[in-house]
Amino acid sequence: MIFNSFDFAIFLPIVFFLYWFVTKNNLKLQNLLIVAASYVFYGWWDYRFLSLIAFSSIVDYSIGIALNNTEKKSSRKILLITSLCTNLGLLGFFKYYNFFVSNFESAFSFFGYKFEGYTLDIILPVGISFYTFQTLSYTIDVYRKNLNPTKDFIAFSAFVSFFPQLVAGPIERASNLLPQFFKKRNFNYNFAVDGTRQILWGLFKKVVIADQCAIYVNTIFDNSEHYGGVVLILGALLFAFQIYGDFSGYSDIAIGISKLFGFNLMQNFAFPYFSRDIAEFWRRWHISLSTWFRDYLYIPLGGSRGSLGKKIRNTFIIFLVSGFWHGANWTFIVWGGLNALYFLPLLLTKKNRHNLDTVAENRLLPTPKELLQLLTTFSITLIAWIFFRAENIGHAFSYLKNIFSSNSSMNFEMEYSIFILLLFFLVIEWLGRTKLYAIASVEQTLKSKSIRWVFYLVLCFTIIGYMDNQQDFIYFQF
Amino acid sequence: MKRYLKELSIIVFIVFIGTYILSEKSFSDDFIIYKTIDTHYKKVAWNLNTINNRKELLDNSTIFLGSSIVQGGINDSLLNSAGIKAINMGVPHNGNELTLYFQNRILKSSTPKKIIYLKGKIPYSGLHKLTPLLYTSSQLLKNGQTINFDYLNFLFKKSKLSLEYFAYNLMGRKTDYDGHESFLSKSFGQINVTNEILESDYYKYIGTGEGTRVDENFNLYLNDYLYKTEKNDSKIVKTLKRFKRKTTQLILKNNFFFNIENQQKFIRNAAENAKKREVNNEMIYIPILIDVGSNYSYSRSYYKKDPLDDNGIIHLDSYNFLANRDYWDDKDHLNQRGSELFTERIIPYLKDNNR
């Protein structure tokens with residue numbers, strides 16, 4: 001089931017009603033309902049893979065309890081390794097098995113040997129990269145004694161399978177989300193209104209921005225050899241908006257839905273295209289994954305401490321792993337590598353924590369210097385996005401090569417309305433860039449209730465107007 | 001909670017009222033042609049152009065209406081050569097409301113001799129993808145549509161199109177026919193397809209001897225709701241399977257959630273309208289690949305019976321003469337050679353003045 005579908009439009013009110021009216025005064029029943037609803041939500045796509053979520057939940061729940069029952073270092077390590085092997089094993093098998101086999105085959109044949117591995121016809125379970133990382137965070141936190149393990153299996157299952165963020169995040173930390181399943185949830189008007197507003201903005205980003213950009217992006221990338229530089233740059237630019245609208249739109253909807261049920265999820269995007277350098281971009285893009293890698297990989301490796309070689313190594317590891325997390329394709333690895341190259345100069349000159357505030361804070365417009373910084377950062381991310389979107393490495397390089405080719409014709413037809421929409425979107429995002437999401441402070445900006453409602457209705461009708469070009473969320477494939 | 005639900009209901013209500021108002025906008029033919037001419041549905045543009053500008057092709061003619069099965073399966077050029085004035089106005093995708101729409105448009109300006117509708121293997125469901133382009137909300141409701149999820153889906157799609165239509169008019173756009181003149185000026189409506197089905201697909205679907213699972217599925221209601229491989233199941237298992245299938249059919253065979261019976265209403269309305277205008281009408285069954293074959297070990301029928309069948313159905317006793325890969329475009333469609341063979345076979349029925 002996807003958020004921008006008819007099925008979900010029926011599913012959500014039913015669950016909402018059962019949650020607040022039927023199971024209202026019983027926390028256990030509410031958690032049980034969340035588990036049931038989450039399994040229906042996921043099973044709607046493919047019920048066979050529910051067993052993976054259930055298995056992952058049972059394993060990490062049991063390991064959590066076992067960790068609590070032993071103080072012996074070696075036993076605790078074995079338990080942690082078991083969890084890591086189980087979760088990463090599932091992820092590795094479903095996501096990376098074929099990639100490794102085919103790359104081994106290529107490597108062996110390069111050296112003149114013949115190696116025939118068996119590739120399998122495997123379906124990638126939706127959201128596996130998200131929920132395995134979420135359960136892993138639980139086990140690691142319990143292992144580190146940062147979190148007490150839970151004995152309530154239903155609450156733990158609800159934490160693993162919580163449907164708003166099950167298939168595409170935010171990847172929640174057990175320390176943030178799990179305790180919320182033990183607290184009585186009371187309906188809060190302001191919280192629910194805020195959630196509904198965030199859902200609305202998320203839908204706008206997904207349906208109006210991302211899905212409309214997708215039409216042109218698909219045409220340009222699928223036929224890149226026929227287009228000249230201007231069109232190809234336009235393709236990359238639109239893809240930048242598509243992926244941002246798609247993924248941050250999903251996150252907004254997920255966070256908004258969670259608010260309707262009384263849960264507070266972490267912010268996943270903080271207006272990354274308004275970043276003045278690549279370090280700031282990575283503090284603002286897919287925050288739940290970046291911080292996951294920072295806390296569970298980068299810092300244990302030594303982080304930015306130690307020798308120069310160690311710093312470079314750690315930077316590359318975290319960016320390459322982050323790229324590989326996105327998919328079993330060299331394009332993602334190169335995308336990660338490129339970002340590491342962008343980031344490294346900042347780290348080595350100790351400028352990676354220069355821009356911790358929001359650009360042009362308390363001002364309407366940025367200074368010329370800031371504008372230049374924003375444009376430079378955005379431009380270099382565009383190059384990286386070409387690798388992210390390309391079918392393979394060859395495609396990415398030929399796309400880049402064609403940008404600089406002599407063919408500069410604008411032989412591409414597109415509706416100009418897309419630029420009006422993008423401009424509207426950018427203005428709203430810019431105005432709301434200090435908030436958790438762009439229209440979070442609309443009540444302060446638009447004081448009159450009727451004007452505010454007109455604004456909401458404009459958003460609703462624009463969403464309805466663009467509803468029929470429905471595309472799957474890009475991050476589902478990860 | 002009360003306040004939240006109240007405000008949410010108000011906003012949802014306003015949105016629905018707004019979408020309903022938007023869905024009442026009817027579109028000009030120019031806009032419909034603009035939306036379809038460069039697509040898989042360009043036949044809609046051809047139909048409208050023919051209705052508006054080439055009345056002589058429709059008067060005293062036998063008109064074929066229906067889906068892509070008609071569009072590719074009836075060779076109207078061959079029929080005209082055989083002395084039967086006929087025109088193929090089939091458009092891709094299933095939906096009897098499109099048949100009803102085109103018939104109403106034809107009857108407004110022309111006097112055909114006969115209208116022949118496609119007989120589907122089983123009743124259609126849902127709505128045609130182009131319905132929001134052709135109908136307003138009230139027109140659709142007047143023609144038998146009930147309020148269900150298909151209707152809500154229609155409302156949203158129609159609203160989107162209405163907004164697009166306003167923009168289209170605002171920019172003073174006119175449809176550019178450049179490059180489409182030869183298509184629009186064609187005198188025959190069949191879209192010829194010379195493609196041949198893949199060999200593997202052909203043998204996968206051809207219903208020789210034991211038939212196919214797809215064909216069995218179509219005919220399950222004639223076989224006590226059991227597949228032949230299930231005949232040896234225990235009594236309780238058979239009862240449960242029968243119960244599940246009958247219940248599913250009972251639940252689905254209403255218009256509460258999605259269109260099932262509404263689709264039959266549309267075709268019945270079309271037949272009644274034609275009758276009122278004293279235009280003869282009947283149906284035609286055009287085979288799909290699973291119809292080719294014989295000696296089935298279960299009861300079967302080419303199509304499910306309906307009271308409207310009493311108006312008459314042109315169908316052949318056997319379609320085995322089409323048992324050749326060269327005659328099929330895909331599992332559901334005849335290609336040009338297949339349509340020629342099939343059309344030749346129906347000529348005697350069309351020439352029979354007593355029909």
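A convenient place to enter this predicted model is A:Asn362, an exposed residue with 7 other C-beta atoms within 10 Å. A:Asn362 sits in the loop that links H13 and H14 of chain A, and its phi is positive, at about 65°, although the residue is not a glycine. The loop between helix H13 (330-348) and helix H14 (368-389) of chain A also holds A:Ala360. For A:Ala360, phi is near 50°, again a positive value in a residue other than glycine. The surroundings of A:Ala360 include 18 other C-beta atoms within 10 Å, so this residue is classed as partly exposed, while A:Asn362 is classed as exposed.

Turning to the chain as a whole, chain A contains 18 helices and 0 strands. Its radius of gyration is 23 Å, close to the 23 Å that the globule rule gives for 478 residues, so chain A is as compact as a globular protein of that length. Along the principal axes, the C-alpha atoms of chain A fill a box of roughly 70 × 65 × 45 Å. Of the 478 residues, 41% count as buried. Contacts that reach across the sequence are well represented: among those in chain A between residues at least 6 apart, 73% join residues at least 24 apart.

Chain B brings strands into the picture, with 16 helices and 7 strands. The radius of gyration of chain B is 22 Å, close to the 20 Å expected from the globule rule for 355 residues, so this chain too is as compact as a globular protein of its length. The C-alpha trace of chain B spans about 65 × 60 × 40 Å along its principal axes, and 38% of the 355 residues count as buried. In chain B, residues 24 or more positions apart account for 80% of the contacts with a separation of 6 or more.

The sheet of chain B deserves a closer look. Five strands form an open sheet in the order S2-S1-S3-S4-S5, with parallel pairing. At the edges lie strand S2 (86-88) and strand S5 (313-314) of chain B, each of which pairs on one side only. Strand S1 (residues 62-65) of chain B runs parallel to S2(B) and is joined to it by 3 bridges; within this pairing, B:Phe64 has B:Asn88 of S2(B) as its bridge partner. Helix H7 (residues 96-109) of chain B packs on the sheet, where it touches S1 and strand S3 (114-118) of chain B, and the direction of the helix makes about 155° with that of S1(B).

On its other pairing, S1(B) is linked to S3(B) in the parallel sense over 4 bridges, and here B:Ile63 stands opposite B:Ile115 of S3(B). S3(B) is mostly covered, with 4 of its 5 residues buried. S3(B) also pairs in the parallel sense with strand S4 (residues 280-284) of chain B, over 5 bridges, and B:Leu118 has B:Ile284 of S4(B) as its bridge partner.

B:Ile63 appears again in the largest nonpolar core, which has 183 residues; A:Phe159, A:Phe387 and B:Ile63 are those with the most contacts inside it. Nonpolar side chains in soluble globular proteins tend to be buried together. Apart from neighbours within four places in sequence, A:Phe387 is in contact with A:Thr331, A:Val334, A:Trp335, A:Leu338 and A:Ala396.

Where the two chains meet, 16 residues of chain A are in contact with 16 residues of chain B. On the chain A side, the elements that give two or more residues are helix H1 (6-22), helix H8 (189-222) and helix H18 (449-465). The largest share, 6 residues, comes from H18(A). By class, this side of the interface has 13 nonpolar, 2 polar and 1 charged residues.

A last site of interest is B:Asp329, located in strand S6 (residues 328-330) of chain B. B:Asp329 has 22 other C-beta atoms within 10 Å and is therefore buried. Leaving out residues up to four places away in sequence, B:Asp329 touches B:Gly72, B:Val193, B:Asn195, B:Ile197, B:Leu334 and B:Asn335. B:Tyr202 is 127 residues from B:Asp329 in sequence, yet the C-alpha atoms of the two are 9.7 Å apart in space.

Notes. Residues numbered from 1 in each chain as written. Chains lettered and ligands numbered in written order. Core = buried A, V, L, I, M, F, W, Y, C linked by C-beta atoms within 7 Å. Buried ≥ 20, exposed ≤ 12 C-beta atoms within 10 Å, placed from the backbone. Contact = placed C-beta atoms within 7 Å. Nonpolar A, V, L, I, M, F, W, Y, C, P; charged D, E, K, R; others polar. Pairing = 2+ DSSP bridges. Axes fitted to C-alpha atoms, helices over the stretch in contact; angles between N-to-C directions. Rg over C-alpha atoms; globule rule 2.2 N^0.38 Å.
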